[in-house]
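Open the model in your viewer and keep the selection box handy. We will go from stop to stop, picking something to select and then looking at what is there.

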Amino acid sequence: MKFTDGFWLMREGVRAHYAREARGTNVADDRITLYAPVKPVLHRGDTLNTPLITIECWSPAPGVIGVEATHLAGGVRANPAYALTPDPAAAPTAVRGDGAAELTSGDLTLSVATEGPLRLDFRAGGRTLTSVDAKGTGFAETPDGAHHMLTQLALGVRELVYGLGERFTPFVRNGQVVDLWQADGGTSSEQAYKNVPFYLTNRGYGVFIDHPGPVSLEVGSESVGRVQMSVEDQRLRYFVIHGPTPKEVLARYTALTGRPALPPPWSFGLWLSTSFTTDYDEETVNSFVKGMAERDIPLSVFHFDCFWMREFHWCDFEWDPDVFPDPKGMLARLREWGLRVCVWINPYIAQRSALFEEGARLGHLVRRPDGSVWQWDKWQAGMALVDFTSPAAREWYAGKLRRLLDMGVDTFKTDFGERIPTDVVWADGSDPHGMHNYYTQLYNETVFELLRRHRGDGEAVVFARSATAGGQRFPVHWGGDCASTFEAMAESLRGGLSLGLSGFGFWSHDIGGFEGTPDPALFKRWLAFGLLSSHSRLHGSRSYRVPWAFDGEAVDVARLFTRLKCRLMPYLFGAAVQAHEQGTPVMRAMLLEFPGDPACHHLDTQYMLGGDLLVAPVLSADDTVEYYVPEGEWTHFLTGETVSGPSWRREAHGFDSLPLLVRPGAVVPVGAEDTRPDYDHLNGVTLRVYGAAAAPEERGRATVGAEGAAAGTATVVHAPDGSPAATFTTRIADGAVTVTTDHGDPPAWNVLLVGVHAPGAAQGAAGVHATAEGVTLAAAPGTRELRIALA
């Protein structure tokens, strides 16, 4: 929200008050408290009729410093509140010096002026990351009588801001007004389904605004050298989180707000939906499943969208008996096809649903201040809203879903959760404005925890649309309602990369777009993009998304990229484990992997899939794609062609191709199975080694480890629960490639030296075979080391 009229004036009717100086400072062992009046105190009379802002500074974790500015403490709004996890190892220290006090946590120090104009400086690595000056902490009163707390953090020269949730506006937030307010606005406006009060910059830090209600940010859009954040409240709390790399910022942020759960391997396969308003019954479903099998397109999950229930009954969680007379039998038959089943739900209860009367009678529905049930006719006639602030209502709702799990359903698409009213009273007394954004957290948590209890750890996964900070704990999320255009495909990718920079590890989107029907060219391009995403779903609104509905080539493209994704599962699941353990998303903005390359700081039409694969979707109807290649010699995964960077490339690709480049010196584990994602990723794995074909003087640069080239490249293949099944270490040194494993009795495995066609003698190999891609070494079961000389 803007309060000023240019640099000198305030907007009409706005009165702003800024903390001017510290008139009292308490320095404890681990925190600093400042008492700052909003005008200079020149004599005792100035202490009267003067607001005082209390500023608390502390640290919940190493490298993280919190600041809380409060005007009237009795007016601070109550629940809800984000669930944060402090780190006992924080061990901050606070000291008082001449004219300043300092709070240090890990490698981050906050220096606050205790004399003269108030100033806060956040420093690390010998430089100032950001600062708050004398007009940077305060409150503003607007003509409507609202009270807004505000803070301004400085932006440096060429400093860029990212994140704030899944946003479809320009990738770099500088110059934007961002209002964090959940909305069902599609993917082509400034509105967002997933509003996350966290941003990071390309200068080594991030900021988390610990306020679940609406937050307004002026990102260089009011004061061009500042990020201003404001809330309509009496208190504003935020955390500055040091990296110094973007990955380290995300690691610290997700340690504080929660790391993503690890989705089950089967969820990474292809999901097929009935689509939204299409006609379907079991015969239609069977024709889709059979059609995919007949065309050799591996299918992992079948999804039933809204009309699995009767019209006007959403949600009563009852199968439409006219369309699905034998749901339990149908689910069993789908299980025989090797499929998992997902069904659509939302947190709304239509008046015609039998659950409406029950929920109202039991007090499980949100009420207005006069005690009546809140209702409206948007979406479902007379719909009400489940009150998830009530533990009893949560258990009631979960109990209805438990019947579906017992019937054979595996997971739920937790749709909606954005249009939450504010003229209501919540069971736990939560602030209605705070609950508007936070509601989705309770909704998704209720469903996810039911799945965890019912299916066990490692088997829970949802397909959610709305989210806020901490929602990353309940994967997976998809991008919402996008149009069937190349522009919408690009905006979807932009939103997904923004969400990844907001702490979310897993993300998906509707292949082909939701609104409208894509033409065959767009559908085929979106297939490649969708199947090189964290999770992959075929879904639309008024038309089916089975590939043969488009053309025969679409079938071939779907088969090619679905099978490729299955083969990549040892690599992709390794990236998933990184998201689970470290908070690094599977789909990564180029900035995350190459923070030192300024050319990567604006890129939003390409991404890294895991740490070693660069993906540049074709986003045009003329088959051309323009993308950037960072430094080094990269290799096209599909063709073996090498590309040197740093450079910009413009290429033409057929529908069976796109730029899919392997990072220099990478070792990519590829599985032996291409018909399903949930197989033994270790048995028969092939380690694709890149860089062995380089000139001898370049080979030492091809392996990167914690201790340099001599340590080699460690490649971990994981078990379904995320634990290491085996670690392989690849070394390129002394004119040879050596690969060893720590597995005591490994199954058969292989090594492919990409681009090497004239190797020397091999040791330990059961067979050596020349292929078009390079030489392959086969290791018999029990083999723990392979070595081959390089010509």
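Start by selecting D144 and T142: in this predicted model, their side chains are joined by a polar contact of 2.5 Å. Add A146 to the selection, and you will find its backbone nitrogen 3.0 Å from a polar atom of the D144 side chain. Now show the surroundings as a cartoon. D144 sits in the loop that links strand 13 (137–141) and strand 14 (147–154). Is D144 buried or exposed? Its relative accessibility is 64%, so D144 counts as exposed. Before moving on, select V14 as well: 130 residues separate V14 and D144 along the chain, yet their C-alpha atoms are 9.4 Å apart.

Next, jump to D305, another loop residue, placed between strand 23 (301–304) and helix 3 (327–336). Here the relative accessible area is 2%, so D305 is buried, given that the cut-off for buried is under 20%. Show side chains and pick K413: its side chain makes a polar contact of 2.9 Å with that of D305. Which other residues does D305 touch, leaving aside those up to four places away in sequence? Besides K413, they are S273, T274, S275, F276, Y280, W344 and H539.

Zoom out now and colour residues 260–573. An unreviewed UniProt entry lists this range as "domain: Glycoside hydrolase family 31 TIM barrel". Over these residues the chain is 38% helix and 10% strand, and the C-alpha atoms at the two ends are 13 Å apart.

For the next stop, select F304, W308, W319, Y397, F412 and L532. These residues have the most contacts inside the largest nonpolar core, which has 174 residues. Helix 6 (residues 432–455) contributes the most to this core, with nine residues. Another core, of 45 residues, lies apart from it; A36, V178, V219 and V231 are among its members. In soluble globular proteins, nonpolar side chains tend to be buried together. Return to W308 for a closer look: not counting residues up to four places away in sequence, W308 touches Y280, F317, E318, W319, D320, F324, V343, W344 and L404.

Now for a sheet. Display strands 32 to 37, which form an open sheet of six strands in the order 32-33-34-37-35-36, with antiparallel pairing. Strand 32 (587–588) and strand 36 (642–652) are at the edges; each has a single partner strand, so one side of each has no neighbour in the sheet. Within the sheet, strand 34 and strand 37 (residues 660–662) run antiparallel and are joined by three bridges. Pick V615 and you will see L660 of strand 37 opposite.

Then select strand 40 (residues 713–718) and strand 41 (residues 724–733), an antiparallel pair joined by six bridges. A714 has T729 in strand 41 as its bridge partner. The two strands form a hairpin with five residues between them, and G722 in the turn has a positive phi of about 90°.

Finish by colouring the chain by confidence. The mean pLDDT is 96, and 98% of residues reach 70 or more. Where is confidence highest, and where lowest? Strand 34 (residues 613–615) is highest at 99, while helix 12 (residues 696–699) is lowest at a mean of 58. Over residues 701–709 the pLDDT is below 50, and this stretch has 16 contacts in the model beyond near neighbours in sequence. Where pLDDT is low, the predicted coordinates should not be read in detail.

Technical notes: Residues numbered from 1 in each chain as written. Predicted model: local features only at pLDDT ≥ 70, side-chain atom pairs only at ≥ 80, totals over all residues. Heavy atoms only, no water. Helix = DSSP H or I, 4+ residues; strand = E, 2+ residues; numbered from the N terminus. Buried < 20%, exposed > 50% of the residue type's maximum accessible area, 1.4 Å probe, protein only. Polar contact = N/O pair within 3.5 Å; in protein donor to acceptor, adjacent residues only side chain to side chain. Contact = heavy atoms within 4.5 Å. UniProt positions renumbered as here; feature names shortened; annotations may be inferred. pLDDT = per-residue confidence, 0-100. Core = buried A, V, L, I, M, F, W, Y, C linked by side-chain atoms within 4.5 Å. Pairing = 2+ DSSP bridges.
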